[in-house]
Amino acid sequence: VGMNGSNQTSSAAKSKPRLIFTSSMAAVRGNGQTPLSGEGTSYTHQDWNNKSELGLNWGQSYQWGKAQSERRAWDLSKELDVDLTSICPSFVFGPSDTL
């Protein structure tokens, strides 16, 4: 029972749901927004886009939406007790349509 109980406990501890959320640098920074660190070179988990406005233009609306959707993901992860990791690529590319 001791060994089996340890194995079951270890397995149960590893079974907490985990979500990987693909966000965007648009959620991290708006146009002209500098990092909170003040160094001007690196953004961290503490940086959020707080400059973009919904409805101003398509770019601003896109950035605003990305920030809002990531904030909502973080809120839900806490509410549902789900581990969340957010990745924020600055550019995503793949094969062109001509391939």
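Q: Which side chain of opposite charge is nearest to Asp 47, and how far away is it?
A: In this predicted model, Asp 47 is buried (under 20% relative accessible area with a 1.4 Å probe, protein chains only; over 50% is exposed, in between partly exposed). Asp 47 has no salt bridge, meaning no side-chain nitrogen of Lys or Arg within 4 Å of a carboxyl oxygen of Asp or Glu. With Lys and Arg counted as positive, Asp and Glu as negative, and His and chain ends skipped, the nearest opposite charge is Arg 29, at 8.9 Å.

Q: What pLDDT do side-chain atom pairs need to count here?
A: Residues are numbered from 1 along each chain as its sequence is written, and side-chain values use heavy atoms, leaving out hydrogens and water. As this is a predicted model, local features need pLDDT of at least 70, totals for chains, interfaces and linings use all residues, and side-chain atom pairs count only at pLDDT 80 or more.

Q: Which backbone nitrogens lie 2.7 Å and 2.8 Å from a polar atom of the Asp 47 side chain?
A: A polar contact here pairs N or O atoms within 3.5 Å; within protein, one must be able to donate a hydrogen and the other to accept it, and sequence-adjacent residues count only if both atoms are side-chain atoms. The 2.7 Å pair goes to the backbone nitrogen of Leu 36. At 2.8 Å, the partner is the backbone nitrogen of Thr 44.

Q: Which residue's backbone oxygen does the side chain of Gln 33 reach?
A: Gln 33 sits in the loop between strand 1 (18-22) and helix 2 (58-80), with helices (H or I, at least four residues) and strands (E, at least two) being DSSP runs numbered from the N terminus. Gln 33 counts as buried because its relative accessible area is 9%. At 2.6 Å, its side chain reaches the backbone oxygen of Trp 48.

Q: How far apart are the end C-alpha atoms of helix 2?
A: The expected span is 1.5 Å times one less than the number of residues. Helix 2 has 23 residues, so it should span 33 Å; the model agrees, with its end C-alpha atoms separated by 32 Å.

Q: Which residue caps the N-terminal end of helix 2?
A: One of its side-chain oxygens lies 3.1 Å from the backbone nitrogen of Gly 59. The capping residue is Asn 57.

Q: Which strands help cover the buried residues of helix 2?
A: The buried residues of helix 2 include Gln 63, Ala 67 and Glu 70. Phe 21, in strand 1, touches Glu 70 (contact means heavy atoms within 4.5 Å). The cover includes strand 1 and strand 2 (83-87).

Definitions and conventions: Lists of a residue's contacts leave out its neighbours within four places in sequence.
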